[in-house]
Amino acid sequence: MPTKVDQTKYLISIVGPTAIGKTALSIKLAQHFNTEIISADSRQFFKEMQIGTAAPTETELISVKHHFIHHKSIHERYNVGTFEKDALNCLKKLFKTQNVAIMVGGSGLYTDAVTNGLDDFPEIDSTIRKNLNKILETKGLPDLQNQLKQLDFNAYETIAIDNPHRVIRALEICIGTGKPYSSFLNKGKEKRDFKTITVGLTAERNIIYNRINKRVDIMLQEGLIDEVKSLKEYQNLNALNTVGYKELFKYLNEEWTLEFAISEIKKNTRRFAKRQLTWFKKDKETLWFDFSTDSNLVISDLENKIQTEY
């Protein structure tokens with residue numbers, strides 16, 4: 001049997017749609033392996049956004065050490081490239097004393113950045129982005145979304161289509177290269193010095209949607225509207241252009257009724273969950289479990305997989 005120092009290092013990455021139970025499973029796995037958790041949920045990075053991002057509770061944060069939860073402000077610039085470097089540095093330190101680390105998150109771009117590395121895109125003429133930003137200002141996001149749908153349907157189906165920055169990024173690659181944005185993905189990435197085992201949680205669509213609707217109701221009970229009110233003056237920041245916040249800004253700006261804003265939060269979150277599953281299902285190596293599976297069974301399967309790879 002190899003010594004602890006010589007053993008292969010494993011990153012167990014837990015993925016799946018929002019509200020499926022990833023946080024609860026990550027804590028149980030971290031406690032079993034006596035390790036720490038890296039959050040790859042890009043919305044939970046920001047300390048001002050607690051209720052609307054369904055971040056781990058204080059009790060959950062105390063039970064296991066977490067990294068990258070509420071470590072940034074909405075006023076700071078923080079992107080996937082910076083996160084990749086920060087997360088890899090964190091893993092390097094963790095793996096000095098641990099053989100297993102846990103990563104959890106519903107942001108596919110961020111989990112992929114850690115496990116596989118970022119994609120290498122060619123330089124694009126800056127005027128293309130300026131023109132796309134003008135379209136965003138004059139015609140709105142739907143116009144850009146339709147353009148992306150025509151140029152790269154795969155990207156349209158998998159990226160955060162409600163995020164204008166992601167849509168513009170995909171479009172500028174399509175227009176600037178004459179090739180689909182998705183054709184540049186997963187090419188020639190740097191090999192990691194740890195192995196990744198990806199665990200996916202899923203459920204029947206109606207169950208996922210019911211859990212989402214219930215979670216939104218709970219967020220409202222916990223004070224989501226007051227949280228969004230406190231951030232109203234910063235509503236144009238990129239971090240706040242996200243589900244749960246942008247809809248309530250419409251309500252606070254008297255553009256929508258509260259009832260309609262809540263229904264839009266639920267609808268947009270359901271759409272987000274669908275895109276998450278589309279993204280995560282691309283990885284054929286993922287070990288998928290029904291959300292109701294006993295965590296001990298998941299642990300047993302992981303232990304067996306790790307043992308057979310020694």
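Mentor: Buried means a relative accessible area under 20%, exposed means over 50%, and partly exposed lies in between, with a 1.4 Å probe and protein chains only. This is a predicted model, in which local features need pLDDT of at least 70, side-chain atom pairs count only at pLDDT 80 or more, and totals for chains, interfaces and linings use all residues. Residues are numbered from 1 along each chain as its sequence is written, and side-chain values use heavy atoms, with hydrogens and water left out.

Trainee: Is Ala19 buried or exposed?

Mentor: Ala19 is in the loop between strand 1 (10-15) and helix 1 (22-33). Helices (H or I, at least four residues) and strands (E, at least two) are DSSP runs, numbered from the N terminus. The relative accessibility of Ala19 is 7%, so Ala19 counts as buried.

Trainee: What is the phi of Ala19?

Mentor: Most residues other than glycine have a negative phi. Ala19 is not a glycine, yet its phi is positive, near 70°.

Trainee: And what is the phi of His70?

Mentor: His70 lies in the loop between strand 3 (66-67) and helix 3, and is buried at a relative accessible area of 18%. His70 is not a glycine either, and its phi is positive, about 55°.

Trainee: Over which residues does pLDDT stay under 50?

Mentor: pLDDT is the predictor's confidence in each residue, from 0 to 100. The chain has a mean pLDDT of 93, with 97% of its residues at 70 or more. Where pLDDT is low, the predicted coordinates should not be read in detail. The model has seven contacts beyond four places in sequence (contact: heavy atoms within 4.5 Å) for the stretch with pLDDT under 50, residues 1-5.

Trainee: Which helix supplies the largest share of the largest nonpolar core?

Mentor: A nonpolar core is a set of buried Ala, Val, Leu, Ile, Met, Phe, Trp, Tyr and Cys residues joined through side-chain atoms within 4.5 Å. The largest nonpolar core has 38 residues, and Met49, Phe68, Phe83 and Leu91 have the most contacts inside it. Elements that each supply at least two residues of this core include helix 3 (80-94), strand 4 (100-104) and helix 9 (205-221). The largest share, six residues, comes from helix 3.

Trainee: How many residues does the other core have?

Mentor: This core lies apart from the largest one, and Ile20, Val104, Ala203 and Leu302 are among its members. Its residue count is 28.

Trainee: Which residues does Thr202 touch, not counting those up to four places away in sequence?

Mentor: Thr202 belongs to strand 5 (residues 195-202). Its relative accessible area is 18%, so Thr202 is buried. Not counting residues up to four places away in sequence, the residues it touches are Ile20, Ile208, Leu277, Trp288, Phe289, Asp290 and Phe291.

Trainee: Which helix gives the most to the lining of the second largest pocket?

Mentor: On a 1 Å grid over the protein atoms alone, a pocket is an open set of points where a 1.4 Å probe fits, with protein on both sides within 12 Å along at least five of seven lines, and lining residues have an atom within 4 Å of a point. The second largest pocket has a volume of about 1000 Å³, a volume being the space filled by probe spheres set on the points, which are joined across faces, edges and corners. Of its 32 lining residues, those closest to its centre are Leu141, Gln145, Asp162, Asn241 and Lys246. Seven residues, the most from any helix, come from helix 12.

Trainee: Is Gln235 buried or partly exposed?

Mentor: Gln235 is in the loop between helix 10 and helix 11. Leaving aside neighbours within four places in sequence, Gln235 is in contact with Leu240, Phe249 and Asn253. Its relative accessible area is 24%, so Gln235 is partly exposed.

Trainee: What is the relative accessibility of Leu240?

Mentor: Leu240 lies in the loop between helix 10 and helix 11. Beyond four places in sequence, its contacts include Met49, Ile74, Leu231 and Gln235. Leu240 counts as buried, because its relative accessibility is 0%.

Trainee: Is Lys139 buried or exposed?

Mentor: Lys139 is found in the loop between helix 5 and helix 6. Its relative accessible area is 60%, so Lys139 is exposed.
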